[in-house]
Amino acid sequence: NPSLQSFRIEQWQNNEGVRYERLLLLNGPSADILRQTQVACNHQGASVGRASSLMTMNHLSNLYMFELRGAERVAGRHATAVLAIPKDSHRHSTLFSVDNDTGLILKRWLVDAEARALERVQFVDLTILSSDQKPYLQKEEGQHHGVINAGCEIASDVTVHPWIIGWVPAGFILHQRKQLEEGIDMLMYSD
């Protein structure tokens, strides 16, 4: 059985155009990560829980069929459930619950061909602060606070790769590229 991890996620933007996302692990070992990203960034994966501007509905409709599954409540908010069914065998179905007021994805289930959950991300609470309110930033005792400056690029600081990608399923784009420890290069593609 996969373990269930609970997080608190905070997101805000300052007047200098920097977006902050704070991820706090609520069970198990303490962990607190703060990510900084320039607002002008529009690359996929630039933000937790936010749909990428690179992936338009037209593009996605070439890869998935969409079914409205009805109304539900997630995190005490009214949402609409949408099922994305892939048109090929290279991806999985995903059930999204979209907040009716904000358009935020409040729940996402990635499921296999037998409708078994492979991954589940769901908010249990959502508070939207006004622009003059500040998020909770005080660290609790024993927390490890890492800061990630995401800049405004798709981690393209890796030099030349000794291998060439020969084929990627239609619709997949480079999501992240970085060099791991011990000289291992990592390229992550996503649709």
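How many bridges join β7 to β8, and do the two strands run parallel or antiparallel? Five bridges join them, and the strands run antiparallel; strands here are DSSP runs of E of at least two residues, helices are runs of H or I of at least four, and both are numbered from the N terminus. For strands to count as paired, DSSP has to find at least two bridges between them. One facing pair is L110, which stands opposite E119 in β8. The two strands make a hairpin with five residues between them.

A word on the ground rules. This is a predicted model, where local features need pLDDT of at least 70 and side-chain atom pairs count only at pLDDT 80 or more, while totals for chains, interfaces and linings use all residues. Residues are numbered from 1 along each chain as its sequence is written, and side-chain values use heavy atoms, with hydrogens and water left out.

On the overall layout, the protein has one helix and eleven strands. Along the sequence these elements follow the pattern β-β-β-α-β-β-β-β-β-β-β-β. Of the 191 residues, 27% are buried, where buried means under 20% relative accessible area, exposed means over 50% and partly exposed covers what is in between (1.4 Å probe, protein chains only). The protein exposes about 13,000 Å², and 52% of that comes from carbon and sulfur atoms; the areas were computed by the Shrake-Rupley method with a 1.4 Å probe, and for residues only the protein chains shown count as cover. As for contacts (heavy atoms within 4.5 Å), take those with a separation of 6 or more: residues 24 or more positions apart account for 33% of them.

Next come the charged pairs. Side chains of opposite charge can pair when their charged atoms come close. The structure holds eleven salt bridges, each being a side-chain nitrogen of Lys or Arg within 4 Å of a carboxyl oxygen of Asp or Glu. E10 takes part in two of the bridges described here. One is with R8, at 2.9 Å from N to O. The other is with R22, where the closest N and O atoms are 3.7 Å apart. E10 sits in strand β1 (residues 7-13) and R22 in strand β2 (residues 18-25), so this second pair ties together parts that are twelve residues apart in sequence. In terms of cover, E10 is buried at 7% relative accessibility and R22 is buried at 1%, whereas R8 is partly exposed at 39%.

Another salt bridge brings together the side chains of R69 and E67, at 3.1 Å from N to O. R69 counts as exposed at 52% relative accessibility, and E67 as partly exposed at 34%. Elsewhere, salt bridges that share partners join R8, E10, R22 and D32 into one network.

Strand β1 also contributes to a nonpolar patch. F7, which lies in strand β1, joins I9, L23 and I33 in a nonpolar surface patch of about 290 Å². Patch members need over 30% relative accessible area and no salt bridge; like charges are joined within 9 Å, and nonpolar side chains (Val, Leu, Ile, Met, Phe, Trp, Tyr) within 5 Å. F7 itself is partly exposed at 39% relative accessibility.

Aromatic pairing is quickly told. A search of the whole structure turns up one aromatic pair. The partners are Y64 and F66, in a tilted arrangement with 6.3 Å centre to centre and 50° between the planes. Rings of Phe, Tyr and Trp (its six-membered ring) pair if their centres lie within 6.5 Å, with planes under 30 degrees apart counted as stacked, over 60 as edge-to-face and the rest as tilted. Y64 is buried, with a relative accessible area of 9%, while F66 is partly exposed at 32%.

Finally, the backbone has a couple of residues worth a look. A75 is not a glycine, yet has a positive phi of about 55°. A75 is in the loop between β4 (64-74) and β5 (77-86), and is partly exposed with a relative accessible area of 21%. A115, also a residue other than glycine, has a positive phi near 65°. The loop that holds A115 lies between β7 (105-111) and β8 (117-122), which leads back to the opening hairpin, with A115 in its turn. At 60% relative accessibility, A115 counts as exposed.
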